[in-house]
Structures are given as structure tokens and as C-alpha cells.
Amino acid sequence: MRITIASGKGGTGKTTVAVNLAISLAAHQPVQLVDCDVEEPNDHIFLHFRADQVRSVEKLLPQVDENLCTYCGKCAEACEFNAIAIIGNKILVYNDLCHGCGLCAMVCPTGAITETPHELGVIESGEADGFQFARGVLNIGEAMATPIIHELKDELDPNHLAILDAPPGTGCPTIAAIHGADIALLVTESTPFGLHDLRAAVGVARSLSVPVAVIINRYGIGDNRVESYCAAEGIPIVLKIPFSREIASLYSRGIPFVKELTEWRDRFIVLHEALKKVATS
Amino acid sequence: MKHTLFLSGKGGTGKTSLAGAFAVLTQGKVLADCDVDAANLYLLLEPQIVSEGVFQGIKLAIKDNDKCTACGKCREVCRFRAIDEQFNIDSYMCEGCGACAYVCPTDAITLSLVDCGRWYTAATRLGPLAGAELYPGEETSGKLVAMVKEKAMKLAEEAELQTLLSDGSPGIGCPVIASISGVSSVILVTEPTLSGLHDLERILGVVEHFGVPAYLVINKADLNTTISTQIEGFAQRRKLAILGQIPYDDKVTKMMIQGKSAVEDQESPAGKAMREIFSRFAEILK
């Protein structure tokens, strides 16, 4: 089974749920945790992780041989991302805009364009706290997070229960993390911001035909608007984590709360059973 | 134009709450919600839509199965895993580059523009606002952010206003980079957790990479004073000026539920801290 933990709004507790769920289940079955928030990966802060393997994720950037270039403009015309411009007898490549599709090299009539790899980020994998762990890290200043997430998903071992920690938002990186999951577990808080972004996340999961379940975190702050929404939409609320200074303090220090509040381990195991039912119903 | 952008790296640290407070306290400004994935600023503003439209950001490859001979050339050239073994195109994977259409010998594939979201401008209780929302499952938030900024600049021009406040999105990738270009200062909002500090370091790297002056605010600073001190040390080493610290205060959420900012509650300790941060920032901009 593949569980993607997402939220829409940032800071609602995705990482908390992902890490505590992985630790609780790893005592009973093979688990793999994958941190897909490659822009701001945080899972490792809560784990004893040393990467056994590190590999680059690259995109191919065009290199123009100006001796061969006739400035015909076919590459600039073909590029859907406006990543190449020709100004008189000068050709400019905007690396940040380039998606690395290779079309410019294909259309060039003189073979003036070759492609060279450019690192977008890295993937680290290994063992942590009794389970398999992998994370992607986008290099500072790079814009394209999704290729790293797609390659992270190549790390998934079908013999393991996979838990994917998605990035916040509802854009391409979040879609990449939810695409192909058996269930999207959406972590929210019952505030106007939380509900607004939960709706958006539900919209994304449904557009990808992935079933959803909701966890209300910091239960007790805010009001009952998330419960009303879930009741109206027929979305199961599978766990409520109360607002507690103790949980917040453990989080702040990078300690998974199931390590101190051990009664929560069973609750995460029960949660997993509930998720199996939602995923197959 | 004084253009201030609120960023954080980590989500949920309080960007929108602080941007909302600045919106209450700043005279004569335009607001832009550049978090098009999870746009929340308008929830504090009582917006009345003035103009709106559909945003078509990207093209997607569409195949005419009657013309397709299943030759597989498209799948060979696609670098985005968007074409499966049966040569179906997965629209969620397609980047709209057009390589498949170029190599197709029977012209079975065409690129067509898709509706990705909706942009709007609005009159609000705190001034003109430009914003947008991505449709569920749609992409290209970067281009949509660029469009929101363009609309906001135009609003400022029309109203002859010199101040623009933009609420950004979490992360360090595409939409964040799109929101940074051209701004005059970035206010980074962090929280005293190891995750907050880790993410601050990465977003500061991005802001420095683009050469924009940055200032720091530590939100919920009293939730872990040890880590708040650690963040202060980090800021000092990186020559990042701290505008102030905001204490944890449940009035922030209570006011949010009423669609208001904490600075609109005279009793709120967080509101008081935000007013001080605002004055300090105004002093620096002078």
C-alpha cells in the first residue's frame, strides 16, 4: 500500500504524522518512508539517518556551438518555455526556464545544440530507525522540484508499506507525490486557512482518483468547521491529535512524539487499519 | 515602488498572519497573494471581485487515436514519463514541451492550451488585491504567480500607490522563485523548531542567491526559547537583521476565525509584537 500524506496548507503536521506513523508501523511490518518535500525536507531531523547512497538528479541543458549556429531561430520558435532567445547574432539560453525536453536540439538544422547534464538536486537513501528511508533535496536556486519527486518514487519497494511525505500546496510537486497513491491522508487544522486549503487538497486527490481521509491536528484550537465539511463530503476523519504543548515541544526539538508518548503507537496502528479500509472501499 | 514579500521556507509559520497585520497597518498599498496553491490572504480581507479571468498557463499534448499508428516515436523522445506502453498521454506527467508532436510522423499529436486557474483583482476592506487560484490538479503555479504580480503592479499604477505587499508560498522552488524577482525586500517568518531553522537556512540561501535584502521575524518565539536563541545566533552569523519576535497567542487563531488580523485586537500580545515589528521595518525603509 502507498500512503501519501498531504495537506494543502503548510505547517499542519504532515511530517509529524509521517514520521510517527512510520516508527509505529515499522515494529510490525516492512516500512519505507519517503520525504517528497524536496524543497524543505524535514523528516531526517526526526530520524537517525545516515545516507548509504546519494545520487544526482539532473536535467539536460542545451549548449550552443556558435561556430555551427546560423541564428535561424528554429530552436527559439520551438521552445514552449521561452528558454531560448535569438537577438541579432546572439543566442541566449535561460537555464532557469529550460525544462530539459531536448526539442531545441531536435529541431536545430545544423546540429549546433548539444545537451549537458545539470544537477537539480540529490536523492539520499538508507536505513533509519528500523525502516527504509529516502529523501530528495532540491539545490538552492533551482526551480524544478518535480523531476526529483518522480525519481524518488523509483526508490519505492513494492514489498514495503510506503509512506510518502508530500510538500505543502496543491501544485505540481504535490500532484507528483499524490499521483499513484492508494490513499491521500490529509492533515489539517480546523481554522479558516486550514479548511480552505484542505478543500483544495481534496480537489487534487479526487482529480487523481485517489481516496482521501483526514487527520485533524492541534484539535481544540479553531472551531468545528473541518468536521462539518468532512461530514458533508463523506470524508472519514481517521485521527484527531489534540493541541498539546508537550507535542509541540517534542516537535520543536526534533523528537517523534511516539517515542515519549508511547500510547500513541497503538493509535497509529489502528489508524493504518482504518486507512486500509478507506483505500479499498 | 516599495515591494515587500513574505516568505518562510517552512509552511505554517505565520506568513499570512504577518502579511495580514502589515496590510492593516500600512497606509496606501496594493496587496498581492502570490500563494496561488493555497491562497489564504483574502480570508482576512472581505474581497469584492472587480475583474477576473481564466488563466491558460501551459499546453498539453493531445493525441488523435485515429491518426496514431503506435510507432512509439513519441514515447522514445518524452523525458517526462508522460507516455505509457500503450502510447496514452498522462496529462499529469506531461510538461507540454511538444517533443512528441514534433516527432510524430502522422501528426496525431497536437499541443493545446488548458485552463489552469483563475486570476482576479478585488476591492477589499484593506485596499486593492490581486490574487489567483490554481484549479485542482493543475500546474504552472510559477507562471500564475508572475501574472498575479503583473496585475498587482497595474493596480498600484492605476491607484498611484507606491507600496506593494505580497504574501508568498512555502518552499524554495518554482512559485517562490517566481515571486522573488523584482521585490525590494523579503520578510522571512520562522518558528523556534529545528524544522523552522533548517528551512530558514534554505530559503535564506535562495533570497541571497537573488540578491534581495532579507529581514527575519521569529513567530511563536516563546514555544521553545532555546531554539529561538539558536535562531538569533544563526541570524547574527548570516547578518540577517531580526525585526522582532512574536509570542504564541491563541488570539491569532481567534481573530482569524472572525476574518481579522491579531493587530485589530488591542489586547492581543501577538498583535502588539506585530505592531512593533511593523514600526521597526518602516523605520528601516525610510
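## The two faces of helix H9(A)

Let's start with the exposed face: in this predicted model, A:Glu263, A:Asp266, A:Glu273, A:Lys277 and A:Thr280 are exposed on one side of H9(A). On the other side, A:Trp264, A:Leu271, A:His272 and A:Leu275 are buried. These four buried residues lie on the same side of the helix because they cover an arc of only 105 degrees around its axis.

Helix H9 runs through residues 263-280 of chain A, 18 residues in total. From first C-alpha to last, H9 reaches 27 Å, close to the 26 Å expected. The cover over its buried residues includes helix H1 (14-26) and four strands of chain A: S1 (2-6), S9 (183-188), S10 (212-219) and S11 (237-242).

## Into the core

A:Leu275 of the buried face is touched by A:Leu185. Further contacts of A:Leu185 include A:Ile3, A:Ile5, A:Val17, A:Ala213 and A:Ile215. Along with A:Ala22 and A:Ile163, A:Leu185 ranks among the residues with the most contacts inside the largest nonpolar core, which has 148 residues. Another core, of 26 residues, lies apart from it, and A:Val64, A:Ile113, B:Ala82 and B:Ala101 are among its members.

## Where chain A meets chain B

Now for the interface: 54 residues of chain A are in contact with 52 residues of chain B. On the chain A side, the elements giving two or more residues are helices H3 (103-107), H5 (172-178), H6 (192-207) and H8 (245-252). H6(A) provides the largest share, eight residues.

What is the make-up of the side of chain A that touches chain B? Its residues divide into 24 nonpolar, 23 polar and seven charged.

Technical notes:
Residues are numbered from 1 along each chain as its sequence is written. Chains are lettered from A and ligands numbered from 1 in the order in which they are written. This is a predicted model: local features need pLDDT of at least 70, side-chain atom pairs count only at pLDDT 80 or more; totals for chains, interfaces and linings use all residues. The expected span of a helix is 1.5 Å times one less than its number of residues. A residue is buried if 20 or more other C-beta atoms lie within 10 Å of its own, exposed if 12 or fewer, and partly exposed in between; C-beta atoms are placed from the backbone. The arc is that of the directions from the helix axis to the C-beta atoms. Two residues are in contact if their C-beta atoms, placed from the backbone, lie within 7 Å. Ala, Val, Leu, Ile, Met, Phe, Trp, Tyr, Cys and Pro count as nonpolar, Asp, Glu, Lys and Arg as charged, and the others, Gly among them, as polar. A nonpolar core is a set of buried Ala, Val, Leu, Ile, Met, Phe, Trp, Tyr and Cys residues joined through C-beta atoms within 7 Å. Lists of a residue's contacts leave out its neighbours within four places in sequence.
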